[in-house]
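Here is a friendly tour of one protein model, meant for someone meeting strands, sheets and aromatic rings for the first time. Keep the picture at hand and look up each residue as you read.

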Amino acid sequence: MKQLVTLLALVCIGAAPLFSQGLEKLKVKGQYENKSLDLVFLELKINYDLAFEYDRKIIQSYRVSASFGAIPLENAMKIILQGTDLDFGFRGQTVLIFKKSADIAQADHPSDELPTRKNFTLAGIIKDKNTGETLPFATVTVQGAPYSGSNANADGYFTLFDVPSDTSVLLVSYIGYQTKAFRLHPAMDIQNLVVQMEDFGVQLQEILVEAEKKEQLIKASTGVSQIGIAPAALAKLPSFGERDIFRSLQLLPGISGSNESSSGLYVRGGTPDQNLVLFDGFTVYHVDHLFGFFSAFNANAVKDVQLFKGGFESKYGGRISSVVDLTGKDGNSEALNIGVGLSLLSVNAFAETPFAAGKGSVLVAARRSFQSNFYNNIFEAFTRNSTRPVNSPPVFAGRRGLPQQDVQPNTYFYDLNAKVSFRPNPSELISLSFYNGQDDLDNTRSADNRGFQGPAGQPGPNFNFVRESTDLTQWGNWGSSLAWSKRFSGRWYANANLSYSNYYSERERGDKTTITRSDSLVVQNNGSRENNDLRDVTLKLDNEFKINSRNQLEFGLQTSYQDVDYSYFLNDTVEVLNRKDHGLTAAAYIQDKWTLSNKLILRGGLRTTYYAPLKKTYLEPRASLTYVLTDKIKLKAAFGHYYQFATRILREDIQQGSRDFWLLANGDQVPVSSAYHLIAGGSYETNTLLFDAEAYYKPMDGLSEYTTRFQPAGFGPERRLNYTEFFYHGKGTAKGIDFLLQKKVGKLTGWISYTLGQVKYDFPIYGSAPFFANQDQTHETKLVASYKAGKFTFSGVFIYATGKPYTAPTGYYEIELLNGNKSGFFEVSGKNALRLPDYHRVDLSAYYDFRLGQNKASFGLSLFNAYNRKNVWYKEYQVIEGELLETNVSLLGFTPSLFLNWSLR
């Protein structure tokens with residue numbers, strides 16, 4: 001790992017002299033006689049390897065007659081555009097052409113207007129031109145001063161210090177939107193500037209970009225381990241018919257993309273519970289719908305997604321792996337808009353409208369699944385599995401040996417988002433956000449041994465069995481937040497957020513097995529009930545204070561009260577666990593972003609957390625740096641210490657697949673988890689390409705697992721079995737390196753990512769040697785491509801990953817309990833000593849944008865797992881008359897889906 005990081009730095013440093021300087025210093029010459037403006041730009045493009053970006057409509061009426069020698073490009077552009085209403089700016093190697101009278105200007109102005117202010121502070125807000133939605137985390141820079149840029153905050157407010165003059169050219173960019181270039185002029189309100197941007201969906205064929213620019217799906221160059229996502233652009237990627245934000249995140253480097261059965265994110269060796277998932281400020285504890293095939297977030301209700309894969313800043317706490325911060329849409333503050341979408345799985349709809357003369361807006365979005373053949377195919381993926389005796393040759397589909405199973409699924413999911421936003425004045429925002437989602441799963445089934453094949457092709461056993469399985473599950477989330485934010489000045493912004501979250505899960509599972517012999521009839525019953533209920537009330541106060549252009553201070557207070565109940569019963573009589581936890585967590589943080597020069601940016605912070613159940617205070621220092629080697633090359637590093645107090649415990653179940661449940665740390669059965677993040681990397685970025693690499697090392701402590709495979713010390717006839725003793729603790733290490741090569745522009749866009757990683761745990765109960773964690777995958781490669789052809793968009797995804805480790809049973813025995821019941825136990829192999837087969841699949845999609853009158857519409861086809869790869873999810877084991885049977889539980893095979901979307905605007 002150390003050698004790879006060193007090599008990356010040497011390559012970047014050695015390549016530094018090869019990269020060109022800014023366009024302002026480029027000298028050009030030209031001679032034009034009544035030549036159309038587009039041909040002038042074409043000639044400059046060919047002769048000087050330039051790129052031009054403009055709207056064809058604004059240049060069609062202009063012709064140029066001019067002659068000049070070798071002069072700076074900036075002077076040449078002034079001559080070429082003299083007498084027009086056009087202006088220009090530079091972004092990297094691209095020349096931007098735009099009208100002088102920008103949407104934000106109060107009046108047209110001549111390009112030679114003299115500035116009246118210099119080196120001043122500019123403040124404003126960035127909005128969507130058509131909906132009035134604010135655009136969080138957009139980037140604002142001054143042409144010619146790329147290191148003096150600023151990012152808007154979560155409410156779209158921005159502040160720029162030391163703007164050279166009030167006739168400077170500003171460049172505003174936001175993922176999924178056309179870059180906005182405009183020239184300031186003295187008549188503008190420099191403390192309340194409103195910048196309006198248009199997304200790429202507004203005009204399907206009008207924009208002409210000589211650089212073949214196309215909207216980016218992701219913005220991966222934001223900071224250390226930080227990636228921005230455009231939910232609207234992700235609609236073009238293959239899916240089950242629904243835009244799925246978390247499924248799209250799984251296509252990024254460092255995040256496992258082979259977890260079909262979970263929308264949760266396995267980030268750099270972490271598990272989904274180690275990720276902090278925020279939606280409008282409230283915590284979402286469970287992100288799955290329908291066995292994990294879909295995430296719990298409706299893309300119609302999401303405006304922005306920020307992902308921190310590691311090294312995240314001090315304002316975030318309570319998790320040891322990553323952060324996903326989702327900002328919900330406020331709703332259209334300009335006009336009424338409604339839309340519906342239909343797929344083979346679900347129907348969704350949304351409505352948004354302004355009120356109070358545009359000061360307020362309301363958004364409501366909902367989804368509901370329905371039964372269909374496509375829906376049933378998903379359930380068949382869980383029931384049409386290959387069963388064989390342990391240590392016998394595998395049995396494949398199409399041969400004798402498949403158990404006969406009957407399934408009557410009666411299952412659905414829904415979710416509902418609602419948000420009300422109101423701006424009493426331009427610098428203040430009050431919003432109320434609400435979310436509810438729920439799954440009801442009925443996977444009741446029956447099976448028998450008709451056609452069962454014995455070991456090595458021998459005749460089947462001389463008995464018949466019928467198994468009737470009941471499996472009823474209900475889980476869901478409630479979440480709401482009341483937020484107030486105010487920009488007191490261009491320097492000071494404050495936000496207060498009061499939120500409530502509730503995650504609940506109820507599962508009832510039972511098996512009735514009837515074994516019939518010629519001389520006997522045996523009926524066996526077993527089952528379990530499991531309930532988990534987590535409630536969270538949180539208050540957060542966050543502040544941003546911009547001291548000057550080189551120093552930005554952030555500080556705040558956060559407090560949470562959590563109440564967690566968990567119960568687990570076997571056969572209605574055996575109480576395995578019954579815990580009721582509650583506790584208060586209070587935290588304060590401060591962090592400073594310090595730009596030491598145009599080259600070096602430091603961010604340091606400290607978070608301190610008081611955890612009431614243990615009456616202890618925890619300190620969490622954080623730091624990161626970015627060194628701008630050239631305008632294309634950045635070196636970066638980060639360090640952080642993190643603690644987690646609410647933990648999802650893995651309950652090992654080698655017979656039916658492992659499960660998990662939430663508990664609060666109590667310092668005894670469940671310790672406080674912690675991790676260090678050490679990250680180093682670099683990136684090389686041009687207007688068209690991005691190469692990014694990051695190495696990470698993450699030692700973890702306080703990990704917990706629950707398993708009943710080991711007998712407690714001293715257990716015997718004289719001692720009652722205590723299930724609370726089956727908690728075991730350990731530590732772990734995750735390390736690896738992520739690579740990303742992204743093509744950002746052109747008709748063909750996408751990326752190639754590769755992750756080399758390792759996750760090992762060390763639990764003394766499993767022996768002295770560390771073992772591979774369940775989520776360990778040595779290699780994972782993902783290819784994502786999107787091709788734009790007129791109104792059609794064709795996309796494809798390929799995923800390959802090495803198999804995950806698992807544990808297999810080698811024997812079985814029963815213990816008679818004091819109440820006369822019997823409890824079964826397995827003898828098992830070494831912890832995660834075996835590997836599942838490698839995982840791979842291809843997904844394809846075609847997407848067509850069109851209009852129905854003035855309304856927007858789209859139609860598409862998606863092919864999931866196009867070549868029908870049978871990827872193994874996990875293995876189940878069952879004992880029938882002393883014989884141990886193994887079942888491969890496979891993931892979803894080839895699944896086509898159609899979808900249709902329509903919206904008023």
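L861 stands opposite L898, a residue of strand 55. The two strands behind this match are strand 52 (residues 855–864) and strand 55, which pair in the antiparallel sense over nine bridges. Please keep in mind that this is a predicted model.

**Partners of strand 55**

- Besides strand 52, strand 55 (residues 895–903) is joined to strand 22 (residues 337–343) by five bridges, and these two run antiparallel.
- To find one of these matches, look for L342: its bridge partner in strand 55 is L900.
- As a reminder, strands of a sheet pair through backbone hydrogen bonds, either parallel or antiparallel.

**A small open sheet**

- Now turn to an open sheet of three strands, which has the order 9-6-12 and mixed pairing.
- Which strands form the edges? They are strand 9 (157–165) and strand 12 (193–197), and each of them pairs on one side only.
- Neighbouring strands in this sheet are turned against each other by 40 degrees on average, with direction ignored.
- Strand 6 (residues 118–128) runs parallel to strand 12, and five bridges join the two.
- Within that pairing, K127 has Q196 of strand 12 as its bridge partner.

**Strands 30, 31 and 32**

- Strand 30 (residues 464–487) and strand 31 (residues 492–516) run antiparallel and are joined by 24 bridges.
- Between strand 30 and strand 31 there is a hairpin, which connects them through four residues.
- You can spot S485 opposite N495, which belongs to strand 31.
- Strand 31 is also joined to strand 32 (residues 521–548), this time by 25 bridges, and this pair runs antiparallel too.
- Another hairpin, again through four residues, leads from strand 31 to strand 32.
- Here A494 stands opposite N543 in strand 32.
- When you follow a strand, remember that in a regular strand the side chains alternate between the two faces of the sheet.

**A closer look at D563**

- D563 has its place in strand 33 (residues 551–570).
- How exposed is D563? The relative accessible area of D563 is 21%, so the residue counts as partly exposed, given that buried means under 20%.
- Leaving out residues up to four places away in sequence, D563 touches D533, L534, R535, D581 and H582.
- V537 is 26 residues from D563 along the chain, and the C-alpha atoms of the two are separated by 9.0 Å.

**Aromatic rings**

- How many aromatic pairs does a search of the whole structure find? The search finds 36.
- Take Y761 and F771: their ring centres are 6.3 Å apart and their planes stand at 80 degrees, so this pair is edge-to-face.
- This pair links distant parts of the chain, with Y761 in strand 43 (residues 748–762) and F771 in strand 44 (residues 771–772), 10 residues apart.
- Are Y761 and F771 buried or exposed? Both are buried.
- Elsewhere, one aromatic cluster is formed by F246, F279, F282, F297 and Y435.

**Charges over rings**

- The charged end of R368 sits over the ring of Y412, at 4.1 Å from the ring centre.
- R835 lies over the face of F772, and here the distance to the ring centre is 4.7 Å.

How values were computed. Residues are numbered from 1 along each chain as its sequence is written. This is a predicted model: local features need pLDDT of at least 70, side-chain atom pairs count only at pLDDT 80 or more; totals for chains, interfaces and linings use all residues. Side-chain values use heavy atoms; hydrogens and water are left out. Two strands pair if DSSP finds at least two bridges between them. Axes are lines fitted to C-alpha atoms, for helices over the stretch in contact, and angles run from 0 to 180 degrees between N-to-C directions. Buried means under 20% relative accessible area, exposed over 50%, partly exposed in between (1.4 Å probe, protein chains only). Contact means heavy atoms within 4.5 Å. Rings of Phe, Tyr and Trp (its six-membered ring) pair if their centres lie within 6.5 Å; planes under 30 degrees apart count as stacked, over 60 as edge-to-face and the rest as tilted. A charge sits over a ring if NZ of Lys or CZ of Arg is within 6 Å of the ring centre and within 35 degrees of the ring normal.
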